[in-house]
Amino acid sequence: MDDADDDDSDEAEEPGASDAESESANAADAPAGPGINYTRDLSDAKLQELWLKDLEALGSISVGFADEGRLINGVHMGEDPAWIRQRPELAWGTKESVDALAAAFRAVHAQFPNSAPARLSHIGNKDGGYLRPHKSHQSGRDADIGFFYKGDTMPGGRNRERMFDAQRNWALLRTLLVNADIQVVLVDRGIQKILRNYALAQGEDLTWVDRLFRAGKASLFQHARRHKDHFHVRFFSPRSQELGRRIQPLLAQRPEQNLVVMKVQKGMTLGHIARRYNTTVAAIQRVNHMGKKTFLHLSQRLLIPLRGPCTKCPLPPVVVVPPRCLPPEAQQKAEGSSASPRLRVEAVAVSQGLAQPTDRTASRVLASH
Ligand SMILES: [Zn+2]
């Protein structure tokens with residue numbers, strides 16, 4: 001299985017390397033404000049009470065960014081005939097991500113009952129944070145999914161595009177796009193071309209397809225190097241992400257949760273790190289079970305316990321999930337049912353090519369950097 005090799009470049013440490021995976025870099029451009037959109041059922045007082053007395057009751061919490069964050073109360077992707085987990089210990093994500101993946105895998109399995117199961121490679125660690133060799137996969141919202149290949153073979157190298165099973169792969173992606181809040185799908189542009197051609201040959205709406213593949217930075221599909229054998233899907237997790245923002249000021253009230261997960265980089269020493277985060281070498285050694293050792297590996301995953309409120313913890317912008325980018329018939333259904341009038345008007349204007357999807361564009365730009 002060569003997913004792991006391909007993922008190595010996710011580190012993208014060469015200067016000037018394309019950085020499609022990073023979410024945090026452009027965060028300053030995002031809208032600011034006190035907005036609470038998805039956790040209104042929890043007053044600040046109730047949140048504080050559960051945080052201290054019944055943390056599990058809060059459900060999954062996505063802290064920080066996909067590429068600079070972690071996960072509290074992660075949900076484990078269980079076993080199922082519709083999928084295989086290549087690394088069960090790395091199959092932890094937000095509830096939203098895990099539910100969406102499970103539903104989509106089951107839908108494809110129902111549609112192609114003789115198909116091999118979908119292959120889930122990584123979501124993330126139980127408590128998120130840096131996961132070698134990825135740049136993201138830190139906050140429970142990223143999943144790597146191996147392609148379906150014709151005849152369920154495992155082709156290598158150049159044969160991958162030829163053996164790519166557009167029918168099943170498209171069925172999976174379409175299900176995810178229609179039923180889940182997808183922020184971005186990272187995959188090689190050669191594969192995107194195959195998918196786009198297949199979708200159009202199946203009679204999918206051109207305007208919709210072009211919003212997926214040909215809307216520049218606003219496209220749901222973005223090219224990323226070395227994503228030639230898997231889809232990297234990033235989910236919005238509205239409730240989990242909003243909780244992640246709201247609990248930031250409360251972190252110091254639970255010392256065992258008051259930590260940062262970092263990746264050791266060239267030249268770093270325990271002393272530097274302790275000073276940077278205003279903690280002590282001994283505290284870092286203790287949490288990481290290092291004994292008295294001071295040696296750090298390059299790219300080591302290190303927990304940094306904090307002593308007070310974190311002044312260097314990344315705080316993402318207010319969570320605003322844009323309207324889904326839907327094919328026309330699903331769009332009509334959605335308009336008939338829910339959605340606020342404003343969003344509905346905007347969605348119609350977009351589907352008629354009258355307007356740019358403003359919310360989505362902002363979020364996508366944020367997402368793809
Ligand atoms: Zn990935």
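How many bridges join strand β8 to strand β10, and which way do the two strands run? In this predicted model, four bridges link β8, which comprises residues 182-186, to β10, which comprises residues 230-235, and the two strands run antiparallel. Within this pairing, Ile182 stands opposite Phe235 of β10.

The pair belongs to an open sheet of six strands with mixed pairing, arranged in the order β4-β6-β7-β10-β8-β9. The edges are taken by β4, residues 83-85, and β9, residues 221-222. Each of these has a single partner strand, and therefore one side of β4 and one side of β9 are left without a neighbour in the sheet.

The loop between two strands of this sheet, β6 (118-120) and β7 (142-146), deserves separate attention. Pro133 is located in this loop, and the peptide bond that joins Arg132 to Pro133 is cis, with an omega of about 0°. His137 also lies in the loop between β6 and β7. Although His137 is not a glycine, its phi is positive, at about 60°. As background to both features, most peptide bonds are trans, and most residues other than glycine have a negative phi.

The helices may be followed through their packing, beginning with α3 and α5. Helix α3 spans residues 95-111 and packs against α5 at an angle of about 140°, the two axes being 9 Å apart. Because of this angle, α3 is oblique to α5. The crossing of α3 past α5 is right-handed. On the α3 side, the contact involves Ala100, Ala103, Ala104, Ala107, Val108 and Gln111; these meet Arg168, Ala171, Leu172, Thr175, Leu176 and Asn179 of α5. By class, the residues of the contact between α3 and α5 comprise eight nonpolar, three polar and one charged.

Helix α5, residues 166-179, also packs against helix α6, residues 189-201. Here the angle is about 85° and the axes are 10 Å apart, so α5 is roughly perpendicular to α6. Ala166, Asn169 and Trp170 of α5 form this contact with Ile194, Leu195, Tyr198 and Ala199 of α6. Six of the residues in the contact of α5 with α6 are nonpolar and one is polar, while none is charged.

From α6 the path leads to helix α7, residues 206-213, which packs with α6 at an angle of about 170° and with an axis separation of 10 Å. The two helices, α6 and α7, are therefore roughly antiparallel to each other. In this contact, Gln192, Arg196, Ala199 and Leu200 of α6 meet Leu206, Val209 and Phe213 of α7. The residues of the contact between α6 and α7 divide into five nonpolar, one polar and one charged. Ala199 of α6 thus takes part in the contact with α5 and in the contact with α7.

Finally, the confidence of the prediction should be considered. The chain has a mean pLDDT of 85, and 84% of its residues reach 70 or more. In two stretches, however, the confidence is low: pLDDT stays under 50 over residues 29-33 and over residues 339-369. For residues 29-33, the model has 12 contacts beyond four places in sequence. For residues 339-369, the corresponding count of contacts beyond four places in sequence is 60.

Notes. Residues numbered from 1 in each chain as written. Predicted model: local features only at pLDDT ≥ 70, side-chain atom pairs only at ≥ 80, totals over all residues. Pairing = 2+ DSSP bridges. pLDDT = per-residue confidence, 0-100. Contact = placed C-beta atoms within 7 Å. Axes fitted to C-alpha atoms, helices over the stretch in contact; angles between N-to-C directions. Parallel < 35°, antiparallel > 145°, perpendicular 65-115°, else oblique. Nonpolar A, V, L, I, M, F, W, Y, C, P; charged D, E, K, R; others polar. Left-handed = near helix turned anticlockwise from the far one by under 90°.
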